[in-house]
Amino acid sequence: MKIGILGNGQLGQMLAASVSDLAELDVHLYDLRAYHADSLNEFIAQVDCISFETENISAAIVAQLQPFASKLRPSLNALKTFQDRLLEKRALRAAGIATADFRAVNSLADVHQAIEQLGLPLVLKTTTEGYDGKGQFVLRTADQAQQAWDAIGGRELIAEAFVTFERETSIIASRSADGQLMVWPMTENVHHEGILRYSLYPAEALTAAKQAQAERYIRQLADSLDYVGTITLELFDTKNGLVANEVAPRVHNSGHWSIEGAHTSQFRNHMLAIAGLPLGDTQPKHASVAMLNVIGDEQPAEAAEALQHAHRHSYGKEARAGRKLGHITVVAESNQQRDATIDQLQAVLPADTWPMR
Ligand code: AMP
């Protein structure tokens, strides 16, 4: 079976690598940055199934995919839904999942109205193309409305009530066309300057009850869209329970630990699901796991080479401030062993984000 992945970044590469042992799957990556209508048509024609490493796909490409929607996994509907934060929030609500209250914002007057209806602080986000905290503005006072609209407005926005959370988490699952759902344990995710810095499993505060709730949520969401492939649900853990933040219709940075840490990775189960093959076991192989992103500079990550419990991945990308260049997975038989290893890798983490310091 020929599988085409839109996008040839690290996610596309890890998707392809995850099934390199399966001769029946022939994986091709399409470089979205070199998009041309003709080359994409050629690419689509030569594959049996199309998937994607990112939902940030231009409207022109989405339109071009339309006639080939039957080849697309996850579906074109899922792609369109999770490309747009408004459609995404509506889909979450329709699936019975708690989210912040939200409103569409198309003008400065709408910003003022949203402040009245949702209160302050208020989070404004572009409905499309935002990632790693880009295209966002947190209003603390009503007189920031003009400033916020000038900064990210002039296009459709979503206003969200501010969620006071204790921690950020995510849950990842893969669903097959016949409705089988395999779920990885949820991780605690620590961000800095809008970028994921590290993920932990287990996280002390993430109880079995929370895991069960997160599993119910991701099942409701995936079933509601008859979703095929790997899907990620980012959740705020609040005093009043789990509240969905956003969805990625794809493998996610917070699931990279599953390559070494679980019996089957998020990448492999995505490929198996879209190819119609039986999904693998998502149970962790180790008692304690962490994933640390290597951002901006790979030099501090070299320390991982010498550490028994650490696995270093380099994406072979040119260094740039704030850019994800690789990650390190730590697998250990206790949290103590894991945390001792992370202590040794502290140089990859921004100051004050690692509680053991
Ligand atoms: P997002 O791109 O939607 O994941 O937002 C980036 C980050 O902004 C999240 O990881 C949160 O830390 C924060 N954030 C987003 N939405 C909200 C919200 N409604 N309330 C509080 N913080 C938020």
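Trainee: What makes the pairing of R85 with the ligand a polar contact?

Mentor: A polar side-chain atom of R85 lies 2.9 Å from an oxygen atom of the ligand. A polar contact is a pair of N or O atoms within 3.5 Å (within protein, one must be able to donate a hydrogen and the other to accept it, and residues adjacent in sequence count only if both atoms are side-chain atoms), so the R85 pair qualifies at 2.9 Å. Keep in mind that this is a predicted model, where local features need pLDDT of at least 70, side-chain atom pairs count only at pLDDT 80 or more, and totals for chains, interfaces and linings use all residues. Residues are numbered from 1 along each chain as its sequence is written, and side-chain values rest on heavy atoms, without hydrogens and water.

Trainee: Which atom of V163 lies 2.8 Å from a nitrogen atom of the ligand?

Mentor: For V163 that is a backbone N or O atom. E246 uses a polar side-chain atom, 2.8 Å from an oxygen atom of the ligand. The protein covers 88% of the 470 Å² of accessible area that the ligand has on its own, by the Shrake-Rupley method with a 1.4 Å probe (for residues, only the protein chains shown count as cover).

Trainee: Which elements give two or more residues to the shell around the ligand?

Mentor: Those are β5 (122-126), β7 (157-161) and β13 (241-248). Strands here are DSSP runs of E with at least two residues, helices runs of H or I with at least four, numbered from the N terminus. There are 13 residues around the ligand, and K125, Q136, V163, E168 and E246 come nearest; to be near, a residue needs a heavy atom within 4 Å.

Trainee: From which domains does the shell draw at least three residues each?

Mentor: From domain 2 (101-161) and domain 3 (167-348). The chain also has domain 1 (2-83), and its centre and that of domain 2 are 32 Å apart, taken over C-alpha atoms. The bounds come from an automatic or database domain assignment.

Trainee: Why is the pair of K125 and E160 called a salt bridge?

Mentor: The closest N and O atoms of K125 and E160 are 3.1 Å apart. A salt bridge is a side-chain nitrogen of Lys or Arg within 4 Å of a carboxyl oxygen of Asp or Glu, so 3.1 Å passes. K125 in strand β5 and E160 in strand β7 are 35 residues apart.

Trainee: How do you know whether K125 and E160 are buried or exposed?

Mentor: Buried means under 20% relative accessible area, exposed over 50%, partly exposed in between (1.4 Å probe, protein chains only). K125 has 5% and E160 has 4%, so both count as buried.

Trainee: What does the salt bridge of K239 and E166 tie together?

Mentor: K239 and E166 meet at 3.4 Å, N to O. K239 lies in the loop between β12 (229-238) and β13, and E166 in the loop between β7 and β8 (167-175), so the pair joins parts that are 73 residues apart in sequence. K239 is exposed at 73%, while E166 is partly exposed at 42%.

Trainee: Why is R312 called partly exposed?

Mentor: R312 has 27% relative accessibility, so it falls between the two limits. Its salt-bridge partner E305, 3.0 Å away from N to O, is exposed at 56%. Salt bridges that share partners also join K89, K125 and E160 into one network.
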